[in-house]
Amino acid sequence: MTPATFPTTTVLDVVVPVHDEERDLAPCVRRLHADLVRGFPYTFRITIADNASTDRTAEVADALARELPGVTAVHLPHKGRGRALKAVWSTSDAAVLAYMDVDLSTDLAALAPLVAALVSGHSDLAIGSRLARGARVVRGPKREFVSRCYNLILRGTLAARFTDAQCGFKAIRADVARRLLPHVEDTGWFFDTELLVLAERAGARIHEVPVDWVDDPDSRVDIVPTAVADLRGVARVMRGLATGRIPVGELSAQLGRRPLEPHAPGVPAGLVRQLVRFSAIGVVSTLAYLLLFVLLRGGVGAQGANLVALLVTAIGNTAANRRFTFGVRGRRHAGRHQFEGLLVLALGLGLTSGALALAHRIAPPGGHAELAAVVVANLPATVLRFLLLRNWVFRLRPPAGTGAHADVVPENTDTRTLETTR
């Protein structure tokens, strides 16, 4: 993906979402403003996003906007960090949109590295990470445990690859935000996690900056209700991805990067990655196949057990390889892919059925010879399956008159560059 041109002189818009923060707001904004004036090389704006405060936060925000050049205040009638960020980011004219928590737990020295990857066009989102190598963190064991458990849950349920979803220190390119924000539903603390998951699934590049972070002992975050809301958000996003309600394919087409060119002649791009993922899925499928074969062998015989076990595991294998090995997202052509996967299954069935028939000539039915035969026959069947999935079932099929792939992310041909002013 290449960066886009913006008709703007404001490079960075840093949003500070606040709710009832009359005491901490002024020191935070003055410190942030001084730091940006002193060392940030691009034009900037600080936007205080007051979301339904009931104390003097709005008054303090307005006073800061009058006092400090480049500081603005926005007042929203409803509470919610995610709602505040979405409202401000959706209307900002800056090229890069960022936010940080008002407690400034994250060292501001990380802000320039956070933004640099986006200004250069190298990345689409950037996040501060307290869990990345090189980060230095001071916080209590309870918050440390909760944070690590939450990120493990994201990895296990949503296959997230970013290390820290909850650090209140993130930035996004405005053109990417305009694509993703309409699909982010959460208005609270789960907002940025949902944004990151959608971005990652759409093929956006996420840059991580290890940060120095000191816990705020006066944090207003209520851990238990926030954790429950986050888990509900995880379940909702999982359903959206599983049912296709979240248009990952459409977002991928808009944000996806160009495919890598082969590093060596005759070596297709992504071959090693595909082999690793195919092998991992294959191991799971083989174990499931052997388990089903053994369970069904006594009831329907060796050939019947072989047929049923192959059929069941082939459907799951095709679906898993479609998504994880060959990167095909969405429901388009899913039926055709499963049908072609069943045709590939027929070849594997022929090999394993033949091996069983040969085993029965050598040894009595029901012995270890049967298992040995199907295991040996599955080796060439697996190789054949990979070749057919890669070169037939999921091969590039450009639509008529275009060079784009009908099933995977089409190549992004935008060659514009980000223009910034110092």
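This is a short walk through a predicted model, from its overall make-up to a few local details.

Start with the whole protein. Its secondary structure comes to twelve helices and nine strands. The protein has 422 residues, and buried residues make up 45% of them. Now take the contacts between residues at least 6 apart in sequence. Of these, 78% join residues at least 24 apart.

Next, go to a pair of helices. Helix α3 covers residues 81-91, and helix α7 covers residues 191-201. Their axes come within 8 Å and cross at roughly 60°. Angles from 65 to 115 degrees count as roughly perpendicular and those under 35 degrees as roughly parallel. The crossing falls in neither range, so α3 and α7 are oblique to each other. Which residues meet here? From α3 come R81, G82, L85, K86 and W89. From α7 come F191, D192 and L195. By class, this contact has four nonpolar residues, three charged residues and one polar residue.

Two of the residues in that contact, W89 and F191, lead on to the aromatic rings. Ring pairs link W89 and F191 with Y99 into a cluster. A search of the whole structure finds three aromatic pairs. One pair is formed by F40 and Y42. Their ring centres lie 5.9 Å apart, and their planes stand at 70°. Planes over 60 degrees apart count as edge-to-face, so F40 and Y42 are an edge-to-face pair. Is F40 buried or exposed? Its relative accessible area is 11%. The cut-off for buried is under 20%, so F40 is buried.

Another ring has a charge for company. The charged end of R130 sits over the ring of W213. The distance from that charged end to the ring centre is 4.8 Å.

Finally, turn to the backbone in two loops. D20 is in the loop between β1 (12-18) and α1 (25-39). D20 is not a glycine, yet its phi is positive, at about 55°. With a relative accessible area of 17%, D20 is under the 20% cut-off and therefore buried. A52 is in the loop between β2 (44-51) and α2 (57-67). A52 is not a glycine either, and its phi is positive, at about 60°. How accessible is A52? Its relative accessible area is 22%, which lies between the 20% and 50% limits, so A52 is partly exposed. The two loop residues thus have positive phi values, but D20 is buried whereas A52 is partly exposed.

Technical notes: Residues are numbered from 1 along each chain as its sequence is written. This is a predicted model: local features need pLDDT of at least 70, side-chain atom pairs count only at pLDDT 80 or more; totals for chains, interfaces and linings use all residues. Side-chain values use heavy atoms; hydrogens and water are left out. Rings of Phe, Tyr and Trp (its six-membered ring) pair if their centres lie within 6.5 Å; planes under 30 degrees apart count as stacked, over 60 as edge-to-face and the rest as tilted. Buried means under 20% relative accessible area, exposed over 50%, partly exposed in between (1.4 Å probe, protein chains only). A charge sits over a ring if NZ of Lys or CZ of Arg is within 6 Å of the ring centre and within 35 degrees of the ring normal. Axes are lines fitted to C-alpha atoms, for helices over the stretch in contact, and angles run from 0 to 180 degrees between N-to-C directions. Helices (H or I, at least four residues) and strands (E, at least two) are DSSP runs, numbered from the N terminus. Angles under 35 degrees count as roughly parallel, over 145 as roughly antiparallel, 65 to 115 as roughly perpendicular and the rest as oblique. Contact means heavy atoms within 4.5 Å. Ala, Val, Leu, Ile, Met, Phe, Trp, Tyr, Cys and Pro count as nonpolar, Asp, Glu, Lys and Arg as charged, and the others, Gly among them, as polar.
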